[in-house]
Amino acid sequence: MLDTLAVANYRSLRRLVVPLGRCTVVTGSNGSGKSSLYRSLRLLADMARNGAVSALAGEGGLASTMWAGPGRNRPLSLKLGFAGEEFGYAVDLGLPSEGNTAFGLDPEIKSEAVWAGPLLRPAALLAERAGPSVRLRDDDGRWRATAATVQPYDSMVGQLADPRDAPELLALRERMRSWRFYDHVRTDAAAPARQQRVGTRTMVMSHDGADLAAAWQTIAEIGDQGALRELVDAAFPGSRVEVAVHDGGRFELTLRQPGMLRALGAAELSDGTLRYLLWVAALLSPRPAGLTVLNEPESSLHPELLPALAALIARAAETSQVIVVTHAAVLLDALRARTGVALLALGKEDGETKIQGQGLLDEPAWHWPGRG
């Protein structure tokens, strides 16, 4: 489980050290920095797939995403990191070095560090990068340089993870790759979840919900069937979800409601109904994620469905760490009433995102690695 998320110089997040619990709910007014916090988590996950540099380039390059207020750092430096009881990781991205390249929007990874435990200390370091050079700590505590150098656009976590030479990097990489992000799953008329699809066993629903029916059937066969029935009944009393299998093995999600002579197909469901069923399939996965992040899951849902959504989120937090970004008051109240839910309210002071009520003595301890 992650205990701390740290971000420096990303959009309005000039310096933010966030405590995380088993279920953390992030809220705040429009423009308070909620989306930036969500995107910073996605960037961290992208480091394990060597996708963070291209993601930042897609946002307009490092200069476009950097904090632009008073005290802007020189040289430009965007820092991301997290820590838990087992591992910590931090990365420092800067402007590209001048050279013969047309990829001027691609930032460079200037330094990276992986350490054991919740706090970066010299004795806890397991792997360290400065520019293209990486060194790893052996079991006997001695450092050794890797034979290969790492390109400035590649992460050492994505490139050097190896079960023999760097098992800690491999464990960290696989953990980061297991994180799941669901951001405004589509429910429009052409949404993939409304289409019939060939079904195969689906342990994890895709980010766009295209395999909703297959994911639902997988839970029904090998997952928590009781929770499926309970959560559907909590939102739509007396209703039940069935998966119809058509010619060619094509699956379709259907909803049978009291008083209706036939079940409604996914193409006939309202946006809110379909979105709720998508969240059920995502959060009841038979293969729980180490971390699941939901961005505004209340979108399109009727306020009467939000208590059922809160119950679903709380159930998911029993097997997976969950972060929810929301500004729905009804959902906040329903989650606040549950034990073990941490609420973080974001606000802005002079353009900088802050956690309301958090002083310097309240934030988790955090140290950034140097560039060497």
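## A buried glutamate and its partners

Let's start with Glu 352, which counts as buried because its relative accessibility is 9%, under the 20% cut-off. Keep in mind that this is a predicted model. Side chains of opposite charge can pair when their charged atoms come close. One partner of Glu 352 is Arg 14: the two form a salt bridge, with their closest N and O atoms 3.8 Å apart. That pair links distant parts of the chain, with Arg 14 in strand S2 and Glu 352 in strand S18, 338 residues apart. Arg 14 has a relative accessibility of 30%, so it counts as partly exposed.

Glu 352 also forms a salt bridge with Lys 354, and here the closest N and O atoms are 3.5 Å apart. Lys 354 is partly exposed, with a relative accessible area of 30%. Through shared partners, the salt bridges join Arg 14, Glu 352 and Lys 354 into one network.

## The largest pocket

Where do we meet Glu 352 and Lys 354 again, beside Arg 15, Leu 16 and Glu 363? We meet them in the largest pocket, which has a volume of about 360 Å³. Those five are the closest to the pocket's centre among the 23 residues that line it. Four elements each give two or more residues to this lining: strand S1 (2-10), strand S2 (13-19), strand S17 (341-349) and strand S18 (352-355).

What is the mix of residue classes in the lining of this pocket? There are 7 nonpolar, 8 polar and 8 charged residues.

## Another salt bridge, with both ends buried

The count for the structure comes to 21 salt bridges. Another one of them pairs Arg 129 with Glu 112, whose closest N and O atoms are 2.9 Å apart. Arg 129 sits in strand S7 (residues 125-130) and Glu 112 in strand S6 (residues 108-116), so this pair ties together parts that are 17 residues apart in sequence.

Are the two partners buried or exposed? Arg 129 is buried, at 1% relative accessibility, and Glu 112 is buried too, with a relative accessible area of 1%.

## A helix enclosed by the rest

Now for helix H9 (residues 306-316). Of its 11 residues, 8 are buried, so the helix is largely enclosed by the rest of the structure. The buried ones are Leu 306, Ala 308, Leu 309, Ala 310, Leu 312, Ile 313, Ala 314 and Ala 316.

What covers these buried residues of H9? The cover includes three strands, S3 (23-28), S15 (291-295) and S16 (321-325), along with three helices, H7 (225-235), H8 (271-283) and H10 (329-336).

## One cavity

Rolling a probe the size of a water molecule over the atoms shows where empty space is left. How many cavities of 30 Å³ or more does a search of the whole structure find? The search finds 1. About 80 Å³ of space lies in the largest cavity.

Ala 316, one of the buried residues of H9, helps line this cavity. The rest of the lining is Arg 180, Tyr 182, Ala 282, Leu 283, Ser 285, Pro 288, Ala 289, Thr 292, Thr 319 and Ser 320. Strand S10 (180-183) and helix H8 each supply at least two of the lining residues. By class, the lining divides into 6 nonpolar, 4 polar and 1 charged.

## Two positive phi angles, and a buried threonine

Most residues other than glycine have a negative phi. Arg 11 is not a glycine, yet it has a positive phi of about 55°. You'll find Arg 11 in the loop between S1 and S2, where it is partly exposed, with a relative accessible area of 27%. Asn 50 also has a positive phi of about 55° without being a glycine. Its place is in the loop between helix H1 (34-47) and helix H2 (52-58), and at 23% relative accessibility Asn 50 counts as partly exposed.

Arg 11 turns up once more as a contact of Thr 65. Thr 65 is found in helix H3 (residues 62-65) and is buried, with a relative accessible area of 0%. Leaving aside residues up to four places away in sequence, Thr 65 touches Asn 9, Tyr 10, Arg 11, Leu 56, Glu 59 and Leu 78.

Conventions. Residues numbered from 1 in each chain as written. Predicted model: local features only at pLDDT ≥ 70, side-chain atom pairs only at ≥ 80, totals over all residues. Heavy atoms only, no water. 1 Å grid on protein atoms, 1.4 Å probe; cavity = no way out; pocket = protein on both sides within 12 Å on 5 of 7 lines; lining within 4 Å. Points joined across faces, edges and corners; volume = space filled by probe spheres on them. Nonpolar A, V, L, I, M, F, W, Y, C, P; charged D, E, K, R; others polar. Buried < 20%, exposed > 50% of the residue type's maximum accessible area, 1.4 Å probe, protein only. Contact = heavy atoms within 4.5 Å. Salt bridge = Lys/Arg side-chain N within 4 Å of Asp/Glu carboxyl O.
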